[in-house]
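Trainee: I would like a close look at a single part of this model. Please take it step by step.

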Amino acid sequence: MLVLGIETSCDETAFGLVENGRLVAEAVASQADVHALFGGVVPELASREHYRILGPLFDNFLQRANISVADLDAVAVARGPGLLGSLLVGVAFAKALAFGAGISLIGIDHLRAHILAPGLERELNFPALGLLVSGGHTHIYYLENPHSFELLGKTLDDAAGEAFDKVAKMLGLPYPGGRFLDRLAKAGQINRHLFTYPYLDNNNLDFSFSGLKTALSSYILANPCLKEQVAALPSSFDELAARQDFASVLQLTELCASFNHCVVHTLCVKVERALQQLRTRGKKVNSFIVAGGVAANSMLREQAEKLAEKNALELVLPSFSLCTDNGAMIAYAGYLMLKNGYVHNLDLEAMARGRVIPEDFVRLQDTPAR
Ligand code: KG4
Ligand code: ZN
């Protein structure tokens, strides 16, 4: 069973090819450089870039993977949530491919694909608790199995990755700033008195990072030396990552470490709270899956390990290439649906951020023979 995955929900144009649950090829073209000029993703530019790159990238991908369209059983595509214009480019491409080649079309929830992605690297042990932390979303899910997702909590405003990126932007760090902040945080001392944990003083499982972002904004305004310290650093990530001496930017590294700690601590408290609530409901949890771009954060990876150990859970952390947006996770989620006999008709709709993704799959045997 050979499934092609197409990802165009934000600023990555990507393909993945999964054969019987195993990744056989992938290609990612990032638009980060285009958007870096504006300090964030510009939706209109993103869709135009997807449109420009998708065709040539596909031809090149097939050639490198040494397959032809006729070898495919299905094409899976991220149908949302995401930037509508960007999603439409991928969805239209996938529909044309499915129609032209006479293969099945499968629309994939991008968020579920992130959570299931580590299944490409190891067998996932269900029931699982899933924490999805990306540039657009911060969701806690309970997964009885790979097809049943119960949303337990989500962000009410900014996503965790968005908070990282916005704080980085305020400091003058390059876009996307999450990994720069992470690197600086690693070199700094956490000061627990600088900021308060956001939205913990309640008993729910939702998040709110906008207050913390405002606190950072005020702190950065009141301490202009922080931006001066950023200006003295290399703007290339590789150079920053290789740097050993941060003595001249101590205040900056302290701010990054303290902010990073605030976000990670808040995520972990809510996850522990979710585990407690599930226990009260008599629900079993075997593993803890952390996914999405922010799952690459070193402090989060460290704390997730401690949390899993304390709660006797198997920790599932995807490798870095599976954390950020990729086509492999879309192909894999598509493979899981196809294996269970679920596909979509050609009237599949793309869903912008904020819309609920419908469970509108149809049984494979009920679709017209193509
Ligand atoms: O999952 P993803 O590639 O895209 C979305 O679906 O949103 O996540 C991208 C996000 C960005 O906000 C980026 O800054 C963040 O993940 N990110 C990180 C790190 N690496 C990527 N945030 C914190 N620490 C990192 N090491
Ligand atoms: Zn994503």
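Which residue stands opposite Ala-128 in β7? Please start there and work outward through the strands and what lies around them.

Mentor: The model is predicted. The residue opposite Ala-128 in β7 is Leu-143. That pair belongs to the contact between strand β6, residues 128–133, and β7, which run antiparallel and are joined by six bridges. The two strands form a hairpin, with four residues between them.

Strand β7 covers residues 138–145, and its other partner to consider is strand β8, residues 148–154. β7 and β8 also pair in the antiparallel sense, over six bridges. They too form a hairpin, here with two residues between the strands. Two pairs can be picked out along this ladder: Ile-140 stands opposite Gly-153 in β8, and Tyr-141 has Leu-151 as its bridge partner in β8. So that you can follow β7 as a whole, note that six of its eight residues are buried, where buried means under 20% relative accessible area. The strand is therefore described as mostly covered.

Now step back along the chain from Ala-128. Pro-127 lies in the loop between α4 and β6. The peptide bond that leads into Pro-127 from Phe-126 is cis, with omega near -5°. A second cis bond occurs further on, from Tyr-175 to Pro-176, with omega near -10°. Pro-176 is found in the loop between α5 (160–171) and α6 (178–186).

On the other side of the Pro-127 loop is helix α4, residues 110–116, which holds both His-110 and His-114. These histidines are four residues apart, about one turn of the helix. Both His-110 and His-114 are buried. Each gives its NE2 atom to the zinc ion (ligand 2), which is also coordinated by Asp-325 through OD, at 2.0 to 2.2 Å. In sequence, the donor residues are spaced H-x3-H-x210-D. The site has four donor atoms, and the angles among them run from 92 to 147°. The site counts as irregular because four donors are tetrahedral only if all angles lie between 85 and 135 degrees, and square planar only if opposite donors are over 155 degrees apart.

Strand β5, residues 104–109, is another place to look. Six of its six residues are buried. In a regular strand the side chains alternate between the two faces of the sheet. In β5, Ser-104, Ile-106 and Ile-108 point one way, while Leu-105, Gly-107 and Asp-109 point the other way. Both sets are buried. The partner strand is β4, residues 74–80, which pairs with β5 in the parallel sense over six bridges. One of the pairs joins Ala-74 to Ser-104 in β5. Compare the sense of this pairing with that of β6 and β7, which run antiparallel.

Before β4 in the chain comes a loop that runs from α2 and contains Asn-66. Asn-66 has a positive phi of about 60° although it is not a glycine. With a relative accessible area of 69%, Asn-66 is exposed. Asn-20 is a similar case to check: its phi is also positive, about 45°, and it is not a glycine either. Asn-20 sits in the loop between β2 and β3. Its relative accessible area is 48%, so Asn-20 is partly exposed.

Helix α2 itself covers residues 43–65, which makes 23 residues. From its first C-alpha to its last, α2 reaches 30 Å, close to the 33 Å expected at 1.5 Å a residue. The helix bends by about 35° at Leu-54, and Pro-56 follows within four residues. Several residues of α2 are buried, among them Ala-46, His-50, Leu-54 and Phe-58. The buried residues of α2 pack against β1 (2–7), β2 (12–19), β3 (22–30), α1 (32–36) and α3 (84–101).

His-50 gives a closer view of that packing. Its place is in helix α2. His-50 has 0% relative accessibility and therefore counts as buried. Leaving aside neighbours within four places in sequence, its contacts include Thr-8, Cys-10, Asp-11, Gln-31 and Val-89.

Notes
Residues numbered from 1 in each chain as written. Chains lettered and ligands numbered in written order. Predicted model: local features only at pLDDT ≥ 70, side-chain atom pairs only at ≥ 80, totals over all residues. Heavy atoms only, no water. Donors = N, O, S within 2.8 Å, 3.2 Å for Na, K, Ca; no water. Tetrahedral: all angles 85-135°; square planar, octahedral: opposite > 155°, others 65-115°. Buried < 20%, exposed > 50% of the residue type's maximum accessible area, 1.4 Å probe, protein only. Expected span 1.5 Å × (residues − 1). Bend = angle between axes of the 7 residues up to and from the residue. Contact = heavy atoms within 4.5 Å. Pairing = 2+ DSSP bridges.
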